[in-house]
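Dear colleague,

I am handing over the structure below, and I would be glad if you could look through it with the notes that follow.

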Amino acid sequence: ASMPAQTDGPAIATLRPENIEMSESEREGWLPVRIESVLPTGSETIIQSRHERTPVTIVRPGFFTMPSGPSLWLRLPGAFMNFFASATGGRMPVSQ
């Protein structure tokens, strides 16, 4: 028998890096992050950043560079987020 889904308590939020929206200028309500590294790979660019102690990876189409250190502001669209119970790793239901 499967266990019922956990619906409260500590959770881990996930979001595919290509679904994160990014701005180089401050936006109200967006998450500020600090750029740690930028890796252009040809068809896309991978940006490693950090919000306080939390690492955040962003993927953008195309080849571009930007310096490490400055801030970016991110929007994390809720429609693309998944939540997992910290205690069990089971997916938590999200009401639409």
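**The largest pocket**

In this predicted model, the largest pocket holds about 230 Å³ of space. Its lining is made up of 13 residues, and those closest to the centre of the pocket are A13, T54, P55, V56 and L76. Two strands, β1 (11–14) and β5, each supply at least two residues of this lining, and the largest share, four residues, comes from β5. Sorted by class, the lining consists of nine nonpolar and four polar residues, with no charged residues in it.

**The loop before β5**

The loop between β4 (44–51) and β5 (54–61) is where E52 is placed, and this residue deserves a look at its backbone. Most residues other than glycine have a negative phi. E52, although it is not a glycine, has a positive phi of about 55 degrees. As for its surroundings, E52 counts as exposed because its relative accessibility is 67%, which is over the 50% cut-off for that class.

**Confidence**

When you weigh these points, please keep the confidence of the prediction in view: the chain averages a pLDDT of 87, and 92% of the residues score at least 70. Confidence is lowest in β1, with a mean of 88, and highest in β4, with 94. Thus β1, which supplies at least two residues of the pocket lining, is the element with the lowest confidence, whereas β4, with the highest, lies on one side of the loop that holds E52.

With best regards

Methods:
Residues numbered from 1 in each chain as written. Predicted model: local features only at pLDDT ≥ 70, side-chain atom pairs only at ≥ 80, totals over all residues. Heavy atoms only, no water. Buried < 20%, exposed > 50% of the residue type's maximum accessible area, 1.4 Å probe, protein only. 1 Å grid on protein atoms, 1.4 Å probe; cavity = no way out; pocket = protein on both sides within 12 Å on 5 of 7 lines; lining within 4 Å. Points joined across faces, edges and corners; volume = space filled by probe spheres on them. Nonpolar A, V, L, I, M, F, W, Y, C, P; charged D, E, K, R; others polar. pLDDT = per-residue confidence, 0-100.
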